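Trainee: Please take one part of this model and go through it closely, with the criteria stated as you use them. I would like a single connected account rather than a list.

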Amino acid sequence: MDPAVFRKLTYGMYAVGTLDGTRPTGCIVNTVEQVTSKNPVIVLSMNKNNFTYEAMIKAGRFSVSILSENVPQPVISVLGFRSGRTEDKFDEKEVPFQIVDGLPVITSGICGWMTAEIIAEKNCGTHSVILARVTDAKAVSDEPPMTYAFYHSERKGTAPKNAPTW
């Protein structure tokens with residue numbers, strides 16, 4: 001099998017936020033898709049080794065901030081390459097955020113955000129696929145959303161080990 005073919009699939013770049021009790025935590029993911037438009041449902045894939053995954057399942061809800069091509073690099077670095085197990089990622093000045101509906105939402109370099117409640121989960125080995133009903137959403141800018149291809153080619157970004165495309 002040629003794993004290079006998977007790099008031909010299109011992906012976006014998203015910051016997923018949730019709560020570890022009362023403390024905000026989050027990570028970067030590249031797989032969020034809309035499943036339905038009426039009573040909207042989204043699906044996302046996340047590595048089960050991520051601390052954010054554990055906190056999200058426990059909380060039963062999460063936010064998705066849709067990163068733009070202009071997102072500050074520290075947002076990706078802090079949320080994508082540090083662990084919430086050992087660090088308070090949202091205590092960093094590099095990750096500007098606000099609490100929306102009780103969940104952390106990035107406020108700089110995003111196109112929009114959503115909050116969602118988990119309705120189902122499917123174990124896929126190293127990752128879980130999570131279905132969630134969108135409870136609120138807002139478009140906040142007309143900046144182009146960052147694709148995973150743009151992140152690699154223009155921003156010269158790398159993928160952490162827990163990413164599905166690593």
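**A hairpin and its surroundings**

Mentor: Within strand β2, the residue that serves as bridge partner to Thr18 is Thr25. Before going further, please note that this is a predicted model, in which local features need pLDDT of at least 70 and side-chain atom pairs count only at pLDDT 80 or more, while totals for chains, interfaces and linings use all residues. Residues are numbered from 1 along each chain as its sequence is written, and side-chain values use heavy atoms, with hydrogens and water left out.

The strands and helices named here are DSSP runs numbered from the N terminus (helices: H or I, at least four residues; strands: E, at least two), and two strands pair if DSSP finds at least two bridges between them. On that basis β1, residues 14–20, and β2, residues 23–29, are paired in the antiparallel sense over 7 bridges. The hairpin they form has 2 residues between the strands, and Gly21 has a positive phi there, near 75°. Strand β1 also pairs with β5, residues 61–67, again in the antiparallel sense, through 4 bridges, and in that pairing Ser65 of β5 stands opposite Ala15.

As for solvent, β1 is mostly covered, since 5 of its 7 residues are buried; buried means under 20% relative accessible area, exposed over 50%, and partly exposed in between, with a 1.4 Å probe and protein chains only. Helix α2, residues 73–81, has Val75, Ile76, Val78, Leu79 and Gly80 as its buried residues, and these pack against β1, β2, β5, β7 and α3 (contact: heavy atoms within 4.5 Å).

The same helix helps to describe the nonpolar cores, each a set of buried Ala, Val, Leu, Ile, Met, Phe, Trp, Tyr and Cys residues joined through side-chain atoms within 4.5 Å. The largest core has 21 residues, of which Met13, Leu67, Ile76, Leu79, Ile106 and Met146 touch the most other members. Two or more of its residues come from each of α2, β7 (103–106), β8 (110–124) and α3 (148–153), with α2 giving the most, namely 4. Apart from it lies another core of 17 residues, including Tyr14, Cys27, Met46 and Val64. In soluble globular proteins, nonpolar side chains tend to be buried together.

Cys27 deserves a further word, because its relative accessible area of 5% makes it buried, yet its sulfur lies 16 Å from the closest cysteine sulfur, that of Cys124, which is too far for a bond. Cys111 is likewise buried, at 10%, and the closest cysteine sulfur to its own is that of Cys27, 18 Å away and too far for a bond. With a disulfide taken as a pair of cysteine sulfur atoms within 2.5 Å, the count is 0.

Returning to backbone angles, Gly21 is not the place to stop, for most residues other than glycine have a negative phi. Asn39, which is not a glycine, has a positive phi near 50°; it sits in the loop between β3 (32–36) and β4 (41–47) and counts as partly exposed because its relative accessibility is 47%. Asp101, also not a glycine, has a positive phi of about 55°, is placed in the loop between β6 (97–100) and β7, and counts as partly exposed at 45% relative accessibility.
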